[in-house]
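Here is a short briefing to read alongside the model. Keep the view open as you go, and follow along from one topic to the next.

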Amino acid sequence: MILAVDVGNTNVVLGYLDGTAVVGRSRIVTRRDGEAAPYAAELRRSLRENGLTAAQIEGAILSSVVPEADAALIAAIREALSCDCITVRTGMRTDMPICIEEPHTLGADIIAGCVGALADYGAPLAVVDMGTATTVVVVDADGNYRGGVILPGVKLALQALTAGTSLLPDSVIAAPGKCIATATEEAMRSGAVYGSAAMLDGLIDRMEAELGQKLTVVATGGLAGCIVPYCTRDVAYEPELLLKGLAVLYEKNKK
């Protein structure tokens, strides 16, 4: 069994995987203070909550978009689990050529998501990750990573709308019963949900036209479950996609 660690801007997801099957998971707050001890305590608590012991974990792999947290997490893994940790990076074995202008700038989360989607769905595909930011990226029919787009996440955009206006209230991300809303807060929810779904549909249409290939679309991320059901095209929702991708990368890169 391995520990897969997905470090996001808001939360760290800890996943315990037997092969590519997720058998346990926890979510903790992302810390940027460089302290390993709090992370080690959270790891021990996570093991207990999932009915596991450190002796059951053979190794770990970490994907991060928060560099300030990496050293503390790796130290915490060594302290709490007594095992080494592979860090996802460009240049590691992915079996997915990265065909963009600056390959070293590609996020570890995008690499993990694409590798996980390729393992289950094959190419060509589009991978959508909806968290603090929303990313929509493309892998072509030959398995090459070709690039994509980065947008403000649904929650971030809604918060900016509230903060940047005087009269609009706080709102939640939940679809109202109709797109043409008749109340202000309902209109904000309609924009957040139906607008985001329409944006995904439109972006994938443009990407398919540009690439000249029909794409299988796979979505993950904390907010994808709120948006994907309202897309007009078929989108596979895979909440554990990054963890599965990390398990695949671990097997490809373990010593």
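In this predicted model, Ala160 and Ala163 are exposed on one side of helix 4, the side facing away from its buried residues. Those buried residues are Val154, Leu158 and Thr162. They span an arc of only 70° around the axis, so they sit on the same side of helix 4.

**Helix 4 and its surroundings**
- An α-helix has 3.6 residues a turn, so residues three or four places apart point the same way.
- The buried residues of helix 4 pack against three strands, namely strand 6, strand 7 and strand 8 (145–152).
- They also pack against helix 5 (184–211) and helix 6 (224–227).

**A closer look at Thr162**
- Thr162 belongs to helix 4, which runs over residues 154–163.
- Its relative accessible area is 16%, so Thr162 counts as buried, the cut-off being under 20%.
- Leaving aside residues up to four places away in sequence, Thr162 touches Leu168, Pro169, Asp170 and Met188.

**The largest nonpolar core**
- This core holds 31 residues, and Ile61, Val88, Cys114, Val127, Tyr145 and Leu249 have the most contacts inside it.
- Elements giving two or more residues to the core include strand 1 (2–7), strand 2 (11–18), helix 3 (108–121) and helix 7 (241–253).
- Strand 6 (125–130) and strand 7 (133–139) are also among them.
- Helix 7 gives the most, with eight residues.
- Val88 touches Ile61, Leu62, Ser63, Ala108, Ile111, Leu246 and Leu249, again not counting residues up to four places away in sequence.

Notes: Residues numbered from 1 in each chain as written. Predicted model: local features only at pLDDT ≥ 70, side-chain atom pairs only at ≥ 80, totals over all residues. Heavy atoms only, no water. Core = buried A, V, L, I, M, F, W, Y, C linked by side-chain atoms within 4.5 Å. Buried < 20%, exposed > 50% of the residue type's maximum accessible area, 1.4 Å probe, protein only. Helix = DSSP H or I, 4+ residues; strand = E, 2+ residues; numbered from the N terminus. Contact = heavy atoms within 4.5 Å. Arc of directions from axis to C-beta.
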